Amino acid sequence: MEITQIKTIMQSLKSNWIRIVPTAIMLLVIILIGLRVPVFLTQRNLINILQQSASIGIMAIGMSFVFFVGGMDLSVASNMGLSGVVGALVMKNGGNPVIAGILMLLVSTFIGSINGLAVAKLNMIPFVVTLSMMYVADGLSVWLTEATSVTGISESFISILTMKIWIIPVPVIIMLFFGFITTMVMKRSFLGRWMYAVGTNIKAARVSCIPIEKVKFSAYLLSGLFAGLAAIITTARLGSASAAIGQSILVLDVASSAVVGGVSFYGGAGSPFGAVIGALLITLISNSMNMLEVSYYVTLIIKGFVIIIFIGLESWIRARNQS
Amino acid sequence: MKKSLLHLKSISKSFPGVQALKDVSFELDRGEILALIGANGAGKSTLMNILGGVIQKDSGEILINGENVQMRNPGDARRNGIAFVHQELTILPKLSILDNLLISSFPEKSGFIKQKEAIQTAQSVLERVGCNLDINMKIMDVGPGDQQLIEIARVLLFDPQVVIFDEPTSSLSKREKDRLFVLIQQLKSNDVAVIYITHLLEEVFSIAEKVAILRNGELVSEGLLKLYTRGKIIKHMTGAESQTLHKKKQKQDQPCLLEVSGLSSHGLLKDISLKLYQGEILGLWGLLGSGRTELVRAIVGLDPMDAGTIKIRIKEDLRVVKSQNANRWIGLISEDRRNEGLFVSMPVKVNMTIANLKAFIGKIWPFLNFKAEDKSSREYVQKLHIVLSSLEQKIETLSGGNQQKVIISRWLQRNPIIYLMDEPIKGIDVGAKVEIKNLILDLVENGAAVLLISSEIDELMSICDRYLVMCRGQITGEYPSNASKEKLIGAATNLLKT
């Protein structure tokens with residue numbers, strides 16, 4: 001018994017090595033960059049990186065639910081932009097910041113649930129549905145703001161959400177908190193188990209009496225909800241909202257955070273907390289390139305390659321596990 | 001000394017926690033047919049996958065014509081004249097027969113297919129296997145028997161010296177099976193060696209001349225088939241005398257648990273009515289394509305139905321139930337274990353409890369109680385004698401029989417009153433078959449009702465209390481448990497005779 005236990009531990013170490021090594025190499029490279037550019041490793045910059053990653057990380061938590069059931073949500077970033085705009089407009093017109101916050105969550109959850117209905121109930125293809133929803137949300141935000149930036153956000157709203165507890169900014173705490181909670185929920189709740197099962201084998205899930213429609217629906221709904229949470233944080237950090245905060249390229253950062261964090265693109269594997277770690281890595285790349293004064297476009301190229309490497313690794317692991 | 005065509009020497013292979021093969025050696029000569037038999041998990045597939053270059057051996061040698069060869073990948077195997085006809089068809093359904101045959105070996109000239117030559121090659125090889133279909137037909141319009149022939153034809157394109165058949169008859173009708181056997185005899189007369197993997201002992205006796213029996217990764221016995229009896233083979237496979245069924249007499253006047261009336265579904269099923277009583281095993285017999293699988297799927301709402309009602313006994317009363325909701329009272333064991341049963345990349349435990357998760361949730365704390373889940377899973381592992389090294393093991397690493405037991409235990413945990421079992425003992429070894437049949441008998445003894453589909457009529461007849469026979473989407477006869485085999489087969493093949 002003991003020997004087999006040791007063997008299984010060795011086995012899991014072995015398979016995790018493949019995940020740990022590239023992450024470690026990346027951290028090493030970043031430290032080397034830090035030695036070249038001293039500003040990089042200062043407490044201030046590191047906290048700044050954490051702060052920047054919060055919004056992406058929170059959206060990546062939501063996106064990971066959709067990935068678990070084998071789906072895709074391209075509308076998260078635009079959805080975040082739209083709810084940010086709605087909340088900002090409410091506060092600009094003297095609305096209560098708490099109500100504005102709740103409204104942001106409601107708007108994004110509503111958009112998420114439309115995605116969910118279309119995919120789960122009407123069996124539409126996630127890619128097409130959420131791509132269209134991305135246009136809808138983008139269009140709505142521009143129309144509502146008349147393509148300007150909405151300012152006049154309540155001071156208390158900003159100050160609470162940009163506060164620091166010890167040295168850690170509140171948004172980072174929110175991200176880590178929800179990353180942890182949702183990971184526990186995925187592991188320990190039957191909804192979580194059902195999501196993994198649906199993403200692993202939807203036919204077998206149907207035969208096993210799993211309510212597939214509800215499971216898929218809740219994944220898209222949760223994705224929307226977390227987009228709303230990201231909207232709250234983003235509007236507070238910027239002190240304003242515009243259609244541009246949800247620019248569609250952001251969805252790539254979100255999706256790649258999830259994938260780099262080990263959430264399987266094919267469904268059925270990974271954890272929301274992994275997606276948070278992924279968001280940190282993705283932000284680290286952007287920030288360190290910025291520090292090295294590498295141009296934005298070169299940063300995009302490097303980011304793209306890093307993501308391809310991670311996805312390639314995942315496919316390689318899958319292939320190895322199967323033989 | 002004469003060199004044999006194929007010589008496996010002390011092949012060993014271990015997977016994490018399991019010694020899959022231990023020091024296995026045997027020889028095979030030109031024109032010989034060897035039956036490789038063994039229980040599930042005995043190591044047959046592992047051995048053949050090593051030979052086919054799909055996985056790598058840990059130690060040992062493979063000699064072909066006396067020369068040591070390395071099988072690093074399936075390409076190596078092909079170059080060394082070893083061909084593998086897989087159990088699960090590896091066919092591209094939307095492409096034509098021609099494309100499927102030549103997909104990896106189109107005759108070409110600077111990237112363009114030489115059409116004439118391709119057609120010629122395809123037609124000649126199809127002729128060889130006795131398949132006379134139009135080569136432009138799409139595979140999805142071809143029946144399973146012909147698909148199997150096409151698969152074999154594809155393998156023959158490379159002029160193999162050794163052909164391995166892995167359970168080739170599991171989806172074939174009697175006629176198709178005969179055709180396959182003729183083909184194998186032809187291969188033999190062309191000096192090709194054949195390795196035939198099977199669970200069905202009748203087939204072994206009708207085709208093979210040598211037999212090799214594996215048990216727990218070791219070669220326990222090998223030799224000329226005429227030196228063996230059925231009983232002796234079973235003894236070698238299981239390591240014990242074959243188990244017996246503990247069948248009991250059915251009680252009279254039991255209530256009806258499931259009543260289906262007038263069920264129809266676009267051309268596949270026509271006006272089907274049946275009753276299933278408590279404590280009975282109702283055998284549903286029919287050939288492939290008779291609509292038996294479609295019927296059970298329609299009952300639990302997996303396939304649509306156009307007309308008909310389903311009544312289920314709920315609280316002492318037969319009530320009409322929508323088919324989408326019927327699976328609350330009905331456990332379905334699907335014929336397609338891999339695609340509709342298993343969550344392959346997930347642990348055994350998850351696979352066991354997935355249909356009954358709500359039982360492991362506390363009243364106040366709405367999360368899964370892992371301890372209760374473990375305990376319940378361990379109970380069923382013991383009860384069903386499932387062989388595994390850990391509950392956290394991925395289910396794909398278990399043998400077929402053990403995977404099936406996990407799926408059955410998934411339903412046992414949920415404990416429905418009605419079970420629909422579509423080929424529950426297909427592709428499972430003799431020992432596990434008896435165990436699963438005993439399990440079914442226990443279920444009905446405890447008040448459940450079972451509708452059982454099996455292509456193996458002898459297996460079906462060994463436990464059923466009553467039979468329904470289907471043909472072309474209709475029920476063509478009902479027979480008591482003492483009906484003769486001829487009657488059942490007759491009713492399944494002839495619509496007029498009811």
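This passage goes through some helices of chains A and B, how they pack, and a handful of single residues. The model is a predicted one, and everything below should be read that way.

Helix α7 of chain A is a good place to start. It runs over residues 170-188, which makes 19 residues, and reaches 27 Å from its first C-alpha to its last, close to the 27 Å expected at 1.5 Å a residue. Its buried residues are A:Pro171, A:Val172, A:Met175, A:Phe178, A:Gly179, A:Thr182, A:Thr183 and A:Met186. Looking down the axis of α7(A), these buried residues fall within an arc of 135°, so they line one face of the helix. The general background is handy here: an α-helix has 3.6 residues a turn, so residues three or four places apart point the same way. As for what sits over the buried residues of α7(A), the cover includes α2 (43-68), α6 (155-161), β2 (168-169), α8 (190-200), α10 (212-238) and α12 (272-291), which belong to chain A.

Two of those covering elements, α2(A) and α12(A), also pack on each other. Their axes come within 8 Å and cross at roughly 140°, so α2(A) counts as oblique to α12(A). The crossing is right-handed. On the α2(A) side, the contact is made by A:Ile49, A:Gln52, A:Ser53, A:Ile56, A:Gly57, A:Ala60, A:Ile61, A:Met63 and A:Ser64. On the α12(A) side, A:Pro272, A:Ala275, A:Val276, A:Gly278, A:Ala279, A:Leu280, A:Ile282, A:Thr283, A:Leu284 and A:Asn287 take part.

Helix α2(A) has a further partner in α3(A). Here the axes come within 11 Å and cross at roughly 125°, which again makes the pair oblique, and α2(A) passes α3(A) in a right-handed crossing. The residues that meet are A:Met59, A:Gly62 and A:Met63 from α2(A), and A:Val76, A:Ala77 and A:Met80 from α3(A). A:Met63 thus turns up in the contact with α12(A) and in the one with α3(A).

Helix α3(A), residues 76-92, packs in turn with α5(A), residues 126-145, at an angle of about 25° and with the axes 8 Å apart. That angle makes α3(A) roughly parallel to α5(A), and the crossing is left-handed. From α3(A), the residues involved are A:Ser78, A:Asn79, A:Gly81, A:Leu82, A:Val85 and A:Leu89. They meet A:Met134, A:Ala137, A:Asp138, A:Leu140, A:Ser141, A:Leu144 and A:Thr145 in α5(A).

A:Ser223, in helix α10 of chain A, ties into this part of the chain. With 32 other C-beta atoms within 10 Å, A:Ser223 is buried. Setting aside neighbours within four places in sequence, A:Ser223 is in contact with A:Gly62, A:Met63, A:Phe65, A:Val66, A:Asp73, A:Val76 and A:Gly112. Among these, A:Gly62, A:Met63 and A:Val76 also take part in the contact between α2(A) and α3(A). A:Ser223 and A:Ile249, 26 residues apart in sequence, are 17 Å apart in space, C-alpha to C-alpha.

Over in chain B, helix α5 takes up residues 144-156. At 1.5 Å a residue its 13 residues should span 18 Å, and the end C-alpha atoms are 19 Å apart, which agrees. Helix α5(B) is mostly covered, with 11 of its 13 residues buried. The buried set comprises B:Asp146, B:Gln147, B:Gln148, B:Leu149, B:Ile150, B:Glu151, B:Ile152, B:Ala153, B:Arg154, B:Val155 and B:Leu156. These pack against β6 (82-85), α3 (97-102), α4 (115-128), β9 (162-166) and α6 (174-189) of chain B.

Farther along chain B, B:Leu318 lies in strand β17, residues 317-321. It has 15 C-beta neighbours inside 10 Å, so it counts as partly exposed. Not counting residues up to four places away in sequence, B:Leu318 touches B:Cys256, B:Glu259, B:Lys311 and B:Arg313. B:Cys256 is 62 residues from B:Leu318 in sequence, but the two C-alpha atoms are 7.9 Å apart.

Backbone angles come last. B:Glu316, in the loop between β16 (307-314) and β17 of chain B, has a phi near 65°, a positive value in a residue other than glycine. B:Glu316 is exposed, with 6 other C-beta atoms within 10 Å. In chain A, A:Trp166 has a positive phi of about 55° although it is not a glycine. A:Trp166 lies in the loop between β1 (164-165) and β2, and is exposed, with 5 other C-beta atoms within 10 Å.

How values were computed: Residues numbered from 1 in each chain as written. Chains lettered and ligands numbered in written order. Predicted model: local features only at pLDDT ≥ 70, side-chain atom pairs only at ≥ 80, totals over all residues. Helix = DSSP H or I, 4+ residues; strand = E, 2+ residues; numbered from the N terminus. Expected span 1.5 Å × (residues − 1). Buried ≥ 20, exposed ≤ 12 C-beta atoms within 10 Å, placed from the backbone. Arc of directions from axis to C-beta. Contact = placed C-beta atoms within 7 Å. Axes fitted to C-alpha atoms, helices over the stretch in contact; angles between N-to-C directions. Parallel < 35°, antiparallel > 145°, perpendicular 65-115°, else oblique. Left-handed = near helix turned anticlockwise from the far one by under 90°.
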